[in-house]
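Open the structure in your viewer and keep the sequence panel beside it. The stops below say what to select and what is there.

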Amino acid sequence: MKIGILSRGPNLYSTRRLKEAAIERGHEARVVDYARLYMNITSHRPAVIFRGEKLDFDAVIPRIGTSYTFYGTAVVRQFEIMGVFPANESQAITRARDKLRSLQLLAREGVGLPVTGFAHSTKDIEGLLNIVGGAPLVIKLLEGTQGIGVVLAETNPAAESVIEAFRGLDANILVQEFIKEAGGTDIRCLVVGGRVVASMMRRAEPGEFRSNLHRGGSAEMIRITPEERSTAVRAARIMGLNIAGVDILRSNHGPLVMEVNTTPGLEGIEKATNLDIAGMIIAFLEKNTKRGRTRTRGRG
Ligand code: ADP
Ligand code: MG
């Protein structure tokens, strides 16, 4: 197969590993910077072009950065229209990148979530705080990632000031019950093609509640419960993602999904588990790649 890896960073661990795994399994693999691609929007011969060269792949693996979601998903959509099989579809990526939308969709299907409130106006902060049972609580910037923009407010007055400050900057936020019993840990489940293929527990640095590896957290391999496994698989399916990193908090009342990532990093989980996740993603493509076989065919 000809596999295109849509990534801005050819030297990033995940990008390198995916290319390596594809070649190892006998495929042609090429890393392309999706921000440099341009397209012709036509019904006859839609194309994706790089420096005058029309690209043609059997499958693409989108590794779209969060600040490039808009253009990156347009590129993936164009490939879909051309019949190229995407590891994750453009529409699923767009859907999952919107935290509020994701939580609403997961809640609708009965997936366990931390109690979450959101509001546009700061007129009724008290009401918002009541939804999640008051402090301690977690305030999150909707556009945040890698733990940046996630704040633990220990008291209601602290929560009010932070909410007012964020809203004063016109930032969108959500307010969430603080799952204290998780003790600064969370579980990252890597879902590939409807199966959890690897999982790790991430532990925050002492004095920190955010377990993100980018925030100095550490990771170790972990055995998950059947309930955690089915929660992760369901969450990925509801978001329409073939490849997903599902983050779960262990609460007193069972697994709670915190977020579903469309472009999970491979370094932390491959090193924690010693598993060839990149190879599993390529194997998924081998099994599923077929011309025009997308749920949406680039629609919407
Ligand atoms: P980001 O998208 O920036 O990674 P997350 O929602 O994943 O934001 O939050 C970052 C980290 O903060 C999580 O990995 C987790 O350790 C901690 N965290 C987030 N929400 C909660 C919560 N409701 N209760 C306890 N810890 C939380
Ligand atoms: Mg996270």
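The model is a predicted one.

**Stop 1: the three-stranded sheet**

Start by selecting strand E3 (38-40), strand E4 (residues 47-50) and strand E5 (53-54). These 3 strands make an open sheet, ordered E3-E4-E5, and their pairing is antiparallel. E3 and E5 are the edge strands, each pairing on one side only. Strands of a sheet pair through backbone hydrogen bonds, in either a parallel or an antiparallel way.

Zoom in on E4 and E5, which are antiparallel and joined by 2 bridges. Show Phe50 and look across to E5: the residue opposite Phe50 is Glu53. Next, select Arg51, in the loop between E4 and E5. Arg51 is not a glycine, yet its phi is positive, at about 45 degrees.

Now add helix H2 (residues 69-81) to the selection. H2 lies across E3 and E4, and its direction is at about 45 degrees to E3.

**Stop 2: the four-stranded sheet**

Move on to the open sheet of 4 strands, where the order is E8-E11-E9-E10 and the pairing is again antiparallel. Which strands are at the edges? They are strand E8 (116-118) and strand E10 (150-153), each paired on one side only. From one strand to the next, the twist averages 25 degrees.

Select E9 and E10 together: 4 bridges pair them in the antiparallel sense. Within this pair, Ile139 has Val151 of E10 opposite it. Then show helix H6 (residues 156-168), which packs on the sheet and touches E9, E10 and E11. The direction of H6 makes about 5 degrees with that of E9.

Before leaving E9, step back to Pro136, in the loop between helix H5 (125-131) and E9. The peptide bond that joins Ala135 and Pro136 is cis, with omega about -5 degrees.

**Stop 3: ligand 1**

Select ligand 1 and display the residues around it. How many residues surround ligand 1? There are 20, and the closest are Lys140, Gly147, Glu177, Asn212 and Glu259. By type, the shell divides into 7 nonpolar, 7 polar and 6 charged residues.

Three polar contacts can be checked with the distance tool, each involving an oxygen atom of ligand 1:

- Asp186: an N or O atom in its side chain is 2.9 Å from an oxygen atom of the ligand.
- Gln146: a backbone N or O atom lies 3.3 Å from an oxygen atom of the ligand.
- Phe209: a polar backbone atom is 3.3 Å from an oxygen atom of the ligand.

Switch on the surface to see how ligand 1 is enclosed: on its own it has 550 Å² of accessible area, and the protein covers 97% of this. Colour strand E9 (137-141), strand E11 (173-177) and strand E16 (254-261), the elements that give two or more residues to the shell. Two of these strands, E9 and E11, belong to the sheet of stop 2.

**Stop 4: Arg210**

Finish at Arg210, in the loop between strand E13 (195-203) and strand E14 (218-221). What does the side chain of Arg210 reach? It reaches the backbone oxygen of Gly147, at 2.8 Å. Gly147 was also listed among the closest residues to ligand 1. Display the contacts of Arg210, leaving aside neighbours within four places in sequence: they are Gly147, Ile148, Val150, Ala204 and Arg215. One of them, Val150, lies in strand E10 (150-153), an edge strand of the four-stranded sheet.

Terms used. Residues are numbered from 1 along each chain as its sequence is written. Chains are lettered from A and ligands numbered from 1 in the order in which they are written. This is a predicted model: local features need pLDDT of at least 70, side-chain atom pairs count only at pLDDT 80 or more; totals for chains, interfaces and linings use all residues. Side-chain values use heavy atoms; hydrogens and water are left out. Two strands pair if DSSP finds at least two bridges between them. Contact means heavy atoms within 4.5 Å. Axes are lines fitted to C-alpha atoms, for helices over the stretch in contact, and angles run from 0 to 180 degrees between N-to-C directions. A residue is near a molecule or strand if one of its heavy atoms lies within 4 Å of it. A polar contact is a pair of N or O atoms within 3.5 Å; within protein, one must be able to donate a hydrogen and the other to accept it, and residues adjacent in sequence count only if both atoms are side-chain atoms. Accessible areas come from the Shrake-Rupley method with a 1.4 Å probe; for residues, only the protein chains shown count as cover. Ala, Val, Leu, Ile, Met, Phe, Trp, Tyr, Cys and Pro count as nonpolar, Asp, Glu, Lys and Arg as charged, and the others, Gly among them, as polar.
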